[in-house]
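Here are a few exercises to work through with the model open in your viewer. Try each task before you read its solution.

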Amino acid sequence: MKIAIAGFGALGARLGVKLQSAGHEVIGIDGWAAHIAAINTDGLTVVHEDNAPKKYYLPVMTPKEVDGEFDLIILLTKTPQLNRMLTDIQPIITPKTKLLVLSNGLGNIEIMAQHVARDQILAGVTLWTSTLVKPGEIHTTGSGSIKLQAIGESDITPIVDAMNEAHLNVATTNDVLTAIWHKAGINSVLNPLSVLLNASLAEFGTASNAMDMALNILEEIREVGATRGIKVDINAIIADLIKLIRPENAGNHYPSMYQDIKNGKYTEIDFLNGYFAKVGRQENVPTPFNTLVTRMIHAKEDIERVK
Ligand code: NAD
């Protein structure tokens, strides 16, 4: 299968090399010049846990340079960058191209529907992780899985099979929105609170009121979800949070929002807590905690960018 990964950053690169290793023709699309140059000159370095670094060679180019037709384009920009990426890769999207978004946060499907027909859209959530430590080098741990769904009418069996040939552990679901809201609930707790408390996930978990703060955020998300017909299962999210913050799981990890703030970048907050606060305003559901968290993260973005 001919596959483009649009957003060949931390996670895009990890999935890209797995797909290529399974025999698919994979190209990366990215706009970061130093990263593209490093990969095209010396290959992509992947350090998996304590193993020796491995090199992978696959072409990476900018949206302007990319040409040809693809069976599948996997979208893995940060959510605020999705609209721009879709605009820039418009010339390579044909009516036959399927586009799968795996970026975190809410609103991705609506953004995609502005660019392509609904039966071209696949949306999913993933538990694969990766960290981009410098241009051309990612560090990875463990393994992951992907849950996905076709948003319109289309047969996605060949895509699921192709991804599973690469051991991406893909399963289809009939209710991807519930999965997306579930994951956004987890991220709306761990991402901003890790930034605001300057804590790894395990350190966050040592706070005696950690789960009280989680509940403040999640109870609002549950009420907002109800206005959209989405059932947000708070107990299931809390159970996942308790698992995730254990050091033997993701406890020693600093979430991507923490890394973004550290690197002076804008975060995905408007597609997490900010999204829930916005829908809450539209639906007259009070969301004081999500609104405050969103404002504090925007303040932190400003403060760190000025530093
Ligand atoms: P990243 O910032 O490392 O990668 C995004 C890449 O997209 C960057 O290399 C950037 O240069 C490129 N890009 C963005 N806009 C572009 C444009 N218009 N043109 C060209 N290139 C463009 O991010 P990531 O960590 O790989 O995360 C991607 C998404 O996956 C996010 O939504 C994140 O929340 C989600 N996610 C990440 C992980 C993880 O462990 N990294 C895990 C699960 C979900």
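The exercises below use a predicted model and move from the ligand to the cores and then to one loop residue.

**Exercise 1. The ligand shell**

Task: Find how many residues surround the ligand, and describe how they divide by character.

Solution:
- Step 1. Collect the shell: 22 residues surround the ligand, and the closest are Leu11, Asp30, Asn104, Ser130 and Glu268.
- Step 2. Sort the shell by residue type, which gives 7 nonpolar, 10 polar and 5 charged residues.
- Step 3. Look for helices that take part: H1 (10–21) and H3 (82–88) each supply at least two residues of the shell.

**Exercise 2. Polar partners of the ligand**

Task: Decide for Gly31, Asn104 and Ser130 whether backbone or side chain faces a ligand atom, and then see how much of the ligand the protein buries.

Solution:
- Step 1. At glycine 31, a polar backbone atom sits 2.9 Å from a nitrogen atom of the ligand.
- Step 2. Asparagine 104 uses a polar side-chain atom, 2.9 Å from an oxygen atom of the ligand.
- Step 3. Serine 130 has a polar backbone atom 2.9 Å from an oxygen atom of the ligand.
- Step 4. Turn to the area: the ligand taken alone exposes 830 Å², and the protein buries 88% of that.

**Exercise 3. The nonpolar cores**

Task: Identify the residues with the most contacts inside the largest nonpolar core, and the helix that gives the most to it.

Solution:
- Step 1. The largest nonpolar core has 64 residues, and Ile73, Leu75 and Leu241 have the most contacts inside it.
- Step 2. Helix H6 (residues 176–197) gives the most to this core, namely 10 residues.
- Step 3. A separate second core holds 34 residues, among them Leu19, Ile39, Leu72 and Ile159.
- Step 4. Back at isoleucine 73, list partners beyond four places in sequence: they include Ala4, Ala6, Ile89, Ile92 and Leu100.

**Exercise 4. A threonine in a loop**

Task: Is threonine 287 buried or exposed? Place this residue in the chain and list what it touches.

Solution:
- Step 1. Threonine 287 lies in the loop between helix H12 (273–283) and helix H13 (288–306).
- Step 2. Its relative accessible area is 6%, under the 20% cut-off, so threonine 287 is buried.
- Step 3. Leaving out residues up to four places away in sequence, threonine 287 touches Glu220, Val224, Phe276, Ala277 and Gly280.
- Step 4. Phe276, Ala277 and Gly280 are also among the buried residues of H12, whose cover includes helix H4 (108–113), H6, helix H8 (210–227) and H13.
- Step 5. Just after H12, asparagine 284 adopts a positive phi of about 60 degrees.

Note on methods
Residues numbered from 1 in each chain as written. Predicted model: local features only at pLDDT ≥ 70, side-chain atom pairs only at ≥ 80, totals over all residues. Heavy atoms only, no water. Core = buried A, V, L, I, M, F, W, Y, C linked by side-chain atoms within 4.5 Å. Buried < 20%, exposed > 50% of the residue type's maximum accessible area, 1.4 Å probe, protein only. Helix = DSSP H or I, 4+ residues; strand = E, 2+ residues; numbered from the N terminus. Contact = heavy atoms within 4.5 Å. Near = heavy atom within 4 Å. Polar contact = N/O pair within 3.5 Å; in protein donor to acceptor, adjacent residues only side chain to side chain. Areas by Shrake-Rupley, 256 points an atom, 1.4 Å probe, with all protein chains shown as cover. Nonpolar A, V, L, I, M, F, W, Y, C, P; charged D, E, K, R; others polar.
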